[in-house]
Amino acid sequence: MMSQTDLTFDPQTVAAGLVPLLKEYAQKLVEIGTCTRRAQRLYAKARLEKQQLAAQRAQADFESLRFALNRLLPSTTDLSREASQLVEHGKLEPVTRLELALRLAEFESALRQTQQRIGAGVTG
Amino acid sequence: MSDTDGAKQTAVAVVSWLWKNKDWIAARLGELKAWYLRGKGTKKEPGILILGPGGAGKSTLARLLAGEYDYLRDLPGEYEESVSVETYALKDSPRVEVVVPPGQRQRREATWADLHADLAAGKFRGVIFLSAYGYHSFKAEGGYKGHKLYQGDMKQFVKDFCAERRAEELEVLRQLIPHVQASRRKLWMLTLVTKQDLWWDRGTVEKHYRDGEYAAEVHKVLSQKGHQQFRHEYVFASLVISNFVDRNSQVLKKNTEGYDQKVQVESLRHLFETLDAFRQWEAG
């Protein structure tokens with residue numbers, strides 16, 4: 001039977017796996033943020049022009065974006081923690097540590113911006 | 001047309017306008033409610049800021065102060081790194097916000113700058129600075145053998161790790177001190193040295209904080225602000241009793257023999273008595 005110690009991975013290998021993941025999900029979060037902004041604009045425009053159907057459509061778009069972000073949040077938090085612990089403690093080559101720290105910063109700022117945008121509600 | 005008819009007509013017009021615009025009104029009311037709940041509409045009392053390096057126990061302390069920590073349900077030693085600024089309401093004074101920013105070096109720049117400015121602006125009544133004599137929880141992949149300080153010997157690793165983390169505690173304190181000095185209001189500061197169950201050697205540890213470089217930094221504030229405007233205390237305690245373990249539950253240091261729940265409760269009682277003393281000092 002495999003012991004818990006056998007299940008550990010080399011920090012350098014884990015970091016190499018985390019870097020593209022952070023990059024990919026930072027982009028996804030930026031996309032969610034961009035679509036959210038669009039839904040908020042459409043909603044505001046529809047309200048101004050009193051187009052109820054268009055407003056409902058924009059609100060539905062916004063709700064599905066909120067759902068998408070909420071669905072991602074637990075795993076993105078885990079991803080942040082894994083990367084952050086490696087940056088701070090892991091036995092990494094200096095360039096890997098630097099790259100991981102940069103990707104983590106990019107990822108966390110994308111996450112924060114998107115969370116703030118969605119947290120503001122459909123009215124923005 | 002009589003006055004009554006005119007008033008009736010106006011009322012009908014108002015009701016009809018309200019009915020026609022009910023969605024718009026509901027949306028505006030919703031926005032107003034969200035704005036209010038975000039805190040812009042409520043008058044809060046100055047809060048408490050909990051600072052310190054990652055893994056020292058800031059979130060555990062905040063949850064304890066907020067009455068959210070459950071000693072029967074929460075598993076001691078289960079470390080979950082905080083990734084963003086957390087806020088809690090003080091259990092016995094819900095209008096006092098307890099603010100806990102993440103402690104990792106790479107997150108400090110991004111999240112602490114605003115809080116330092118708030119501290120200087122007098123938005124906090126007190127600061128709790130958490131240290132743990134270097135016993136900071138970590139959960140990096142690879143466990144202690146995958147740690148940057150590991151050189152092939154576990155005991156030596158623990159020694160090096162704690163020494164490095166103590167240096168980190170000092171660095172974080174040095175970042176904080178100028179902002180405490182700049183604070184416009186009467187301010188208290190508590191140095192809470194946690195994880196007493198791991199280092200239960202009062203002489204060495206207390207000396208480290210009370211007599212060394214740490215105390216010199218705190219003294220800078222005292223000499224600048226004076227005892228009327230600044231009060232500092234030390235508390236040495238254990239928020240939870242747990243062995244020092246790595247990600248793979250490998251025990252790096254066991255609790256000190258004899259450190260039981262009675263000793264822990266006494267240490268926590270001292271913590272709460274000190275916070276009460278700060279409250280009285282604020283009022284005085």
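Which residue follows α3(B), and what is the sign of its phi? The residue is B:G67, with a positive phi near 75°. Keep in mind that this is a predicted model, where local features need pLDDT of at least 70, side-chain atom pairs count only at pLDDT 80 or more, and totals for chains, interfaces and linings use all residues. Residues are numbered from 1 along each chain as its sequence is written, while chains are lettered from A and ligands numbered from 1 in the order in which they are written.

Now for α3(B) itself, residues 58-65 (helices are DSSP runs of H or I, at least four residues, and strands runs of E, at least two, numbered from the N terminus). Seven of its eight residues are buried, meaning 20 or more other C-beta atoms, placed from the backbone, lie within 10 Å of a residue's own. Among them are B:L61, B:A62, B:L64 and B:L65. Their cover includes strands β1, β2, β3, β4 and β5 of chain B.

Next, look at where the chains meet: 22 residues of chain B are in contact with 25 of chain A (C-beta atoms, placed from the backbone, within 7 Å). On chain B's side, α2 and α4 each supply at least two residues, and α2(B) gives the most, with four.

Finally, α5(B) and α7(B) pack at an angle of about 0°, with axes 10 Å apart (axes are lines fitted to C-alpha atoms over the stretch in contact, and angles run from 0 to 180 degrees between N-to-C directions). That makes the two helices roughly parallel, a label for angles under 35 degrees. B:L170 and B:I177 of α5(B) and B:Y214 and B:V221 of α7(B) are among the residues making this contact.

Note on methods:
A residue is buried if 20 or more other C-beta atoms lie within 10 Å of its own, exposed if 12 or fewer, and partly exposed in between; C-beta atoms are placed from the backbone. Two residues are in contact if their C-beta atoms, placed from the backbone, lie within 7 Å. Angles under 35 degrees count as roughly parallel, over 145 as roughly antiparallel, 65 to 115 as roughly perpendicular and the rest as oblique.
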